[in-house]
Amino acid sequence: MSRALAIKKEMTVEEYLAFEEKSKYRHEFLEGEIYQMVGGKYSHSLIGTNIIRRLGVLFDAKGKDCDIHGSDLRVKIDEENYVYPDVTVVCNPKLVANIFDTLENPQVIFEVLSKSTEYRDKDVKLKLYLQIESLTDYLIVAQKEQRIEHYQRKTEKEWTYRVYEEAGEVIKLDWVECVITVEQIYRNVELPKLRLVKTKKRRTI
């Protein structure tokens, strides 16, 4: 989860990396702008934890040597963009040379929506993520409703898109040989209740 810094400063990539290495806080660097990472709400944290827990159990059961990271791991999208996804899955990780603790070959990325990040997750990051050669799946998980948008790679330039909203629906991550249900992702998450809006009756004359 991130927010724009109160004072935006133009930086080069080199300046950003130097700044980030010394900073007490994490920052994303997207299209020339820097965004400070901030703590998420309880539901935001729980959704991410549910995903990590479920995939970890599956990888252990299959004996699959893949790693699952939370939002502390930085990912290099390209030479100009660096982010901290909410959940990242990688098999055979490759770290960027000469840049501290930065992954360059993510395979599956989950982003949990929040009010401050929704536009970037569904627009800016979407366009950039789908250009990562190693990425096979990008999943956008709503926080205020049970809804998951899934972009899955079919060929080098072709992606499929599907929306999941029912608890029992199964999300297949074919490239890492795992499945996860909508119910497992939203386990113990209290979603806001829908408010009924009463409409006024029209008077006839």
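**Close-up views of the predicted model**

**View 1. The hairpin of β13 and β14.** V170 has T181 of strand β14 as its bridge partner. The model is a predicted one, in which local features need a pLDDT (the predictor's confidence in each residue, from 0 to 100) of at least 70 and side-chain atom pairs count only at pLDDT 80 or more, while totals for chains, interfaces and linings use all residues. Residues are numbered from 1 along each chain as its sequence is written, and side-chain values use heavy atoms, with hydrogens and water left out. Strands β13 (residues 170-173) and β14 (residues 178-181) pair in the antiparallel sense over 4 bridges; two strands count as paired if DSSP finds at least two bridges between them, and the elements themselves are DSSP runs numbered from the N terminus, helices being H or I of at least four residues and strands E of at least two. Between the two strands of this hairpin lie 4 residues, and E177 takes a positive phi near 55 degrees.

**View 2. The surroundings of K172.** K172 belongs to strand β13 and, at 49% relative accessibility, counts as partly exposed; on this scale buried means under 20% relative accessible area, exposed over 50%, and partly exposed in between, with a 1.4 Å probe and protein chains only. Leaving aside residues up to four places away in sequence, K172 touches D137, H150, Q152, C178 and V179, a contact being heavy atoms within 4.5 Å. From C-alpha to C-alpha, K172 and Q152 are 9.4 Å apart in space, although 20 residues separate them in sequence.

**View 3. The cysteines C66, C91 and C178.** The model has 1 disulfide, defined as a pair of cysteine sulfur atoms within 2.5 Å. C66 and C91 are joined by this link, with an S to S distance of 1.9 Å, and the link is right-handed, with 90 degrees about the S-S bond. Since C66 lies in strand β4 (residues 66-69) and C91 in strand β7 (residues 87-91), the pair ties together parts that are 25 residues apart in sequence. C66 is buried at 11% relative accessibility, and C91 is buried as well, with a relative accessible area of 12%. C178, by contrast, is in no disulfide, and the nearest cysteine sulfur, that of C66, is 7.4 Å away; C178 also counts as buried, at 3% relative accessibility.

**View 4. The open sheet and the helices packed on it.** The sheet holds 6 strands in the order β4-β7-β9-β10-β11-β12, with mixed pairing. At its edges are β4 and β12 (159-164), each of which pairs on one side only. On average, and with direction ignored, neighbouring strands of this sheet are turned by 10 degrees against each other. Helix α2 packs on the sheet and touches β4, β7, β9 (108-112) and β10 (137-141), its direction making about 170 degrees with that of β4; axes here are lines fitted to C-alpha atoms, for helices over the stretch in contact, and angles run from 0 to 180 degrees between N-to-C directions. Helix α3 (residues 118-129) lies across β9, β10 and β11 and runs at about 170 degrees to β10. Toward the β12 edge, strand β11 (residues 148-153) pairs with β12 in the antiparallel sense over 6 bridges, and within that pairing Q152 has T160 of β12 as its bridge partner.

**View 5. T49 in helix α2.** T49 lies in helix α2 (residues 42-62) and is partly exposed, with a relative accessible area of 37%. The C-alpha atom of T49 is separated by 10.0 Å from that of Y186, a residue 137 places away along the chain.

**View 6. The buried and exposed sides of helix α1.** In helix α1 (residues 13-22), the buried residues are V13, Y16, L17 and E20. Seen down the axis of α1, these residues fall within an arc of 95 degrees, so they line one face of the helix; the arc is that of the directions from the helix axis to the C-beta atoms. What covers them includes β2 (27-30), β3 (33-37), β5 (74-78) and β6 (81-83), whereas the face turned away from the buried side carries the exposed residues E14 and K22.

**View 7. The whole chain and its low-confidence stretch.** The protein chain comes to 4 helices and 14 strands, and 45% of its 205 residues count as buried. The average pLDDT is 89, and 90% of the residues score at least 70. Over residues 2-7, however, pLDDT stays under 50, and the model has 17 contacts beyond four places in sequence for this stretch. Where pLDDT is low, the predicted coordinates should not be read in detail.
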